[in-house]
Amino acid sequence: MSGAFHPSVHAATAPDRLAVVMPSTGQSRTYAELEANSNRIAAMLRSRGLQRGDVVAVVMPNDPAWFEIVWGVQRCGMYLVPVNWHLAAKEAAYIVADCDAKALIASAELADTIASLGDAADNVELRFSIGGPLPGFESLEDAIAGQPDTASPDDVEGSWMFYSSGTTGVPKGIKPQLPTIGFGDMNPLVGLISGLYGFTPESTYLSPAPLYHAAPAGWTTTVHRIGGTVVVMDRFDPLEWMRLVEEHKVTHTQMVPTYLVRLLKLADATRARYDLSSLQMVVHAAAPCPPEVKRAAIDWLGLIVYEYYAASEGTGFCAIGPQEWLDHPGSVGKSLLGGVHIVDEDGNELPVGEEGEIWFEALHRFNYHGDPEKTAKAFNDKGWNSIGDIGRLDDDGYLYLTDRVSNMIISGGVNIYPREAEDILIGHNSVEDVAVIGTPDEVMGEKVTAFVQLRDGEVGTPALADELIDYCRTHLSHFKCPRDVRFVDSLPRLPNGKLLKRM
């Protein structure tokens, strides 16, 4: 007997309810259709010899069929690896090879990307294409034809195996233990987003980001466990986002701060054209949000802007509501999953208000796939876990992020965290996007340098560079501000908003 939190339950009770809508293509899936095709995929994978704990890699753009594959793999008790196809060919190939996939499912729409994977793809035993032919791949549609569309008594919970974004180095495969709960039973994410954010079967969730990332993948499929409808964008566009909220009467959405920035840069009159009154919650995460951006979002949307701080590793989760944030501006909230500790370089716990590395009391263990040394370094002798973020706690237990250890600039022996300058500079009217990093300096070792993408119509000049430096210095200590400003056409951000500072 399955639990109540699986799309198969909703296929039985509300078969015609829409599980997925993709407005850009006009495609959709009802819960009945999602159930039938995921069962066919699961039956096919089992018939080819795949077993619980095996790994299936998927290379696909946002598409309703993606969910059929995910649920087919998941109900076999296997690991699913969503591959970030926006990465360079070498990086994507690394993930396919490193994850030890027994099967690879790829979209014909990404034929050039698949071809660039080379031996990494060729070495996978089972290869299936969807949406058209790919050289050396079997058609998934043909492979599942004739397979049973009903659930198997062998259905069991599987898991994701996400790879980190690789913002500072080679992506890491995060491999949790397989679930031990019963099929369809309550899991922590269901409890969090239903209890904390009020999702119900009547909820409509708008997902504007690539589905291969942890938050979009986890939240959309959790909406399916609850029985709501997921509206999927193929890519984020601020005007289209507002149009879809109005058209589909969206109740919940999640985004990254760069999306909020793009919405807020629109003229007030443009934003006022759309009816966003159906929105119950706008949740942001995945990257630090400049306080002035957060405040402007609350001023515009009202007290419905929520934030959480978590990592793909899944060992920490902080959350904060809009009024809480106004009372504790800049915070990412209190820890809801285990205690949080601020620790210095020698492993000593620091007092309230002092900055150090953030460690969470891990409620479960995970492995970095194939890297026991990296796994061991992620945990300390108390069993706490850190992903390398820097922050502080206040007297009320609210956490404030400073930056990542790997982003730290050391200039003249002084530690500088670039996020502080980035949060200031993004507020300048001429700036569309900004990244601050350390660049070599013969005297200081490193100097603070800002790479600035200007808004349309703005021209990068020495005078504007000086203006930006002065603007930063009016809000921040001079040593934390850039000494050099370089204008660029664009910054290397992933579609989920994360900045690739190594680029």
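Two strands count as paired here if DSSP finds at least two bridges between them. With that in hand, here are the close-ups, all taken from a predicted model.

**View 1. Phe451 and its partner across the strands.** Look for Phe451, which stands opposite Arg486 of β28. The two strands around this spot are β27, covering residues 445–454, and β28, and they pair in the parallel sense over four bridges.

**View 2. The open sheet around β27.** Step back a little and you get an open sheet of three strands, ordered β26-β27-β28, with mixed pairing. The edges belong to β26 (431–441) and β28 (484–487), each of which pairs on one side only. Ignoring direction, neighbouring strands in this sheet are turned by 30 degrees against each other on average. Helix α17, made of residues 462–473, packs on the sheet and touches β26, β27 and β28. The direction of α17 makes about 130 degrees with that of β28.

**View 3. Another open sheet, β9-β10-β20.** Here three strands line up in the order β9-β10-β20, and the pairing is antiparallel. Because β9 (162–163) and β20 (366–368) stand at the edges with a single partner strand each, one side of each has no neighbour in the sheet. Strand β10, residues 173–176, runs antiparallel to β20 and is joined to it by three bridges. To find one of these spots, pick out Ile174, whose bridge partner in β20 is Tyr368.

**View 4. Two helices crossing, α2 and α3.** Helix α2 (residues 31–47) packs against helix α3 (residues 64–74) at an angle of about 50 degrees, and their axes are 7 Å apart. That angle is why α2 counts as oblique to α3. The crossing of α2 past α3 is right-handed. On the α2 side, the contact is made by Glu33, Leu34, Asn37, Ser38, Ile41, Ala42 and Leu45. On the α3 side, Phe67, Glu68, Ile69, Trp71, Gly72 and Val73 do the job. Sort the residues of this contact by type and you get eight nonpolar, three polar and two charged.

**View 5. Pulling back to the whole chain.** The protein chain holds 17 helices and 28 strands. Its radius of gyration is 23 Å, close to the 23 Å that the globule rule gives for 503 residues, so the chain is as compact as a globular protein of that length. Along its principal axes, the C-alpha trace spans about 70 × 55 × 45 Å.

Key: Residues numbered from 1 in each chain as written. Predicted model: local features only at pLDDT ≥ 70, side-chain atom pairs only at ≥ 80, totals over all residues. Heavy atoms only, no water. Axes fitted to C-alpha atoms, helices over the stretch in contact; angles between N-to-C directions. Contact = heavy atoms within 4.5 Å. Parallel < 35°, antiparallel > 145°, perpendicular 65-115°, else oblique. Left-handed = near helix turned anticlockwise from the far one by under 90°. Nonpolar A, V, L, I, M, F, W, Y, C, P; charged D, E, K, R; others polar. Rg over C-alpha atoms; globule rule 2.2 N^0.38 Å.
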